[in-house]
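Work through these exercises with the model open beside you. Try each task before reading its solution.

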Amino acid sequence: MKTLDIQKLAIKIGIDADFRGREGVQKLLDNKKQKFDKLSANEQEEFNKDALINPYLDSGVYNVSDDKEIKKVLVGIDIGPEELLIAKELGDIDLVIAHHPVGKGLAQLADVMDLQADVYNYYGVPINVAEGLMKERISEVSRGVNASNHQRTVDAAKLLKVNLMNSHTPCDNLAAKFLKNFIESKKIERVGELVEYLKEIPEYKEAMKIGVGPKIFVGSTDNHCGKIALTEITGGTEGSTKLYEKMAQAGVGTVVGMHVSEEGKKEAESANVNIVIAGHMSSDSLGVNLFMDELEKQGIEIVPCSGFTRFSRV
């Protein structure tokens with residue numbers, strides 16, 4: 001496999017794990033194509049044509065200095081110039097794979113957040129309500145990443161002649177689907193039981209060793225879970241805090257997520273929604289591991305770094 005082959009694989013498995021299903025993702029791509037066809041020639045020239053084939057614009061290939069067969073990859077949650085220097089020092093790394101977005105992927109992080117409206121709708125929030133509340137949050141995230149030094153890591157990769165890509169939402173989709181299936185396979189009544197079950201997952205068990213394992217941020221161990229929703233695992237970053245009230249109205253009793261802001265915590269408390277934070281780096285590692293398993297099946301060696309804990313399920 002070459003770098004672009006790995007990117008295509010990431011998109012494929014991301015779609016396979018998407019809450020919207022393959023049909024829902026295809027509708028998204030078709031809608032973008034219809035909008036593209038209506039643009040003027042100048043507007044089409046400026047349009048990011050990757051959006052016509054890639055539903056996850058926070059993920060992509062940023063540098064291919066040597067389009068070779070990939071045999072060994074350095075993989076990290078956050079990749080910066082320092083990790084690229086590690087790749088050069090190791091000497092036999094064919095490709096560096098980041099989880100969190102860099103370059104154009106970071107600039108387009110807000111583009112994937114529409115997915116969250118569909119996730120909320122999956123759990124019973126009316127789609128018009130979810131879309132309305134997410135629009136404000138998407139705009140906020142778009143403004144927030146606008147001032148970032150997007151190209152810093154990409155520029156370093158070009159200077160060092162290191163192949164570089166990332167996979168963000170595809171891996172988060174894998175983590176969300178895995179957790180959804182795992183939780184639904186258990187008979188869980190209380191929030192404390194949910195936390196104990198999550199600790200069985202290797203990535204979270206490892207996180208426990210450094211004090212960042214699954215924790216209850218809102219609620220208590222004795223609280224009933226009610227309907228458990230995985231609404232804070234995929235879709236770019238944290239969604240609208242105003243949606244906790246709507247989720248409660250839709251019958252959701254507990255949210256499992258990667259992180260929650262103080263404002264979100266307060267909104268969840270007001271709505272009597274329990275929040276269990278599984279962990280950020282550990283949840284990211286879970287999704288990346290599921291992706292890396294596919295590369296391992298192709299005979300590619302995985303070298304973890306930068307917060308990524310490798311557990312193979314092959």
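**Exercise 1.** Locate Lys-161 in this predicted model. Then decide: is Lys-161 buried or exposed?

*Solution.*
- Step 1: Find helix H8, residues 152–160, and strand E4, residues 164–166. Lys-161 sits in the loop between helix H8 and strand E4.
- Step 2: Take the relative accessible area of Lys-161, which is 62%. The cut-off for exposed is over 50%. Lys-161 is therefore exposed.
- Step 3: Check the backbone. The phi of Lys-161 is positive, about 60°, and Lys-161 is not a glycine. Most residues other than glycine have a negative phi.

**Exercise 2.** Repeat the steps for Asn-272. Which elements flank its loop, and what is its phi?

*Solution.*
- Step 1: Helix H13 covers 262–270 and strand E8 covers 274–277. Asn-272 lies in the loop between them.
- Step 2: Asn-272 has a relative accessible area of 65%, so it counts as exposed.
- Step 3: Asn-272 is not a glycine, yet its phi is positive, at about 60°.

**Exercise 3.** Place Asn-173 in its element. Find which side chain makes a polar contact with the side chain of Asn-173.

*Solution.*
- Step 1: Asn-173 belongs to helix H9, which runs over residues 169–184.
- Step 2: Its relative accessible area is 1%. Buried means under 20%. Asn-173 is therefore buried.
- Step 3: Leave out residues up to four places away in sequence. Asn-173 then touches Gly-14, Ala-17, Asp-18, Tyr-56, Leu-115 and Thr-234.
- Step 4: Pick out Asp-18. Its side chain and that of Asn-173 are joined by a polar contact of 3.4 Å.

**Exercise 4.** Find Thr-3 and list what it touches, leaving out residues up to four places away in sequence.

*Solution.*
- Step 1: Thr-3 is in helix H1, residues 3–16.
- Step 2: The relative accessible area of Thr-3 is 0%, so Thr-3 is buried.
- Step 3: The residues touched by Thr-3 are Val-61, Val-64, Ile-70, Leu-95, Asn-163 and Met-165.

**Exercise 5.** Compare sequence and space for Cys-305 and Leu-74. How many residues apart are they in sequence, and how many Å apart in space?

*Solution.*
- Step 1: Cys-305 lies in strand E9, residues 301–305.
- Step 2: In sequence, Cys-305 and Leu-74 are 231 residues apart. In space, their C-alpha atoms are 7.0 Å apart.
- Step 3: Not counting residues up to four places away in sequence, Cys-305 touches Leu-74, Val-75, Gly-76, Ile-77, Ile-79 and Glu-83.
- Step 4: Cys-305 has 13% relative accessibility, so Cys-305 counts as buried.
- Step 5: Now widen the view to the protein chain. Take contacts between residues at least 6 apart in sequence; 73% of them join residues at least 24 apart.

**Exercise 6.** Describe the protein chain as a whole. Why does its radius of gyration agree with a compact globule?

*Solution.*
- Step 1: The protein chain has 14 helices and nine strands.
- Step 2: A compact globule of 314 residues would have a radius of gyration near 20 Å. The protein chain has 20 Å, so the two agree.
- Step 3: Along the principal axes, the C-alpha atoms fill a box of roughly 55 × 50 × 35 Å.
- Step 4: Of the 314 residues, 52% are buried.
- Step 5: The exposed area is about 14,400 Å², with 49% supplied by carbon and sulfur atoms.
- Step 6: There are 39 positive and 48 negative side chains. The centres of these two sets lie 2 Å apart.

Key. Residues numbered from 1 in each chain as written. Predicted model: local features only at pLDDT ≥ 70, side-chain atom pairs only at ≥ 80, totals over all residues. Heavy atoms only, no water. Helix = DSSP H or I, 4+ residues; strand = E, 2+ residues; numbered from the N terminus. Rg over C-alpha atoms; globule rule 2.2 N^0.38 Å. Buried < 20%, exposed > 50% of the residue type's maximum accessible area, 1.4 Å probe, protein only. Contact = heavy atoms within 4.5 Å. Areas by Shrake-Rupley, 256 points an atom, 1.4 Å probe, with all protein chains shown as cover. Lys, Arg positive; Asp, Glu negative; His and termini not counted. Charge placed at Lys NZ, Arg CZ, Asp CG, Glu CD. Polar contact = N/O pair within 3.5 Å; in protein donor to acceptor, adjacent residues only side chain to side chain.
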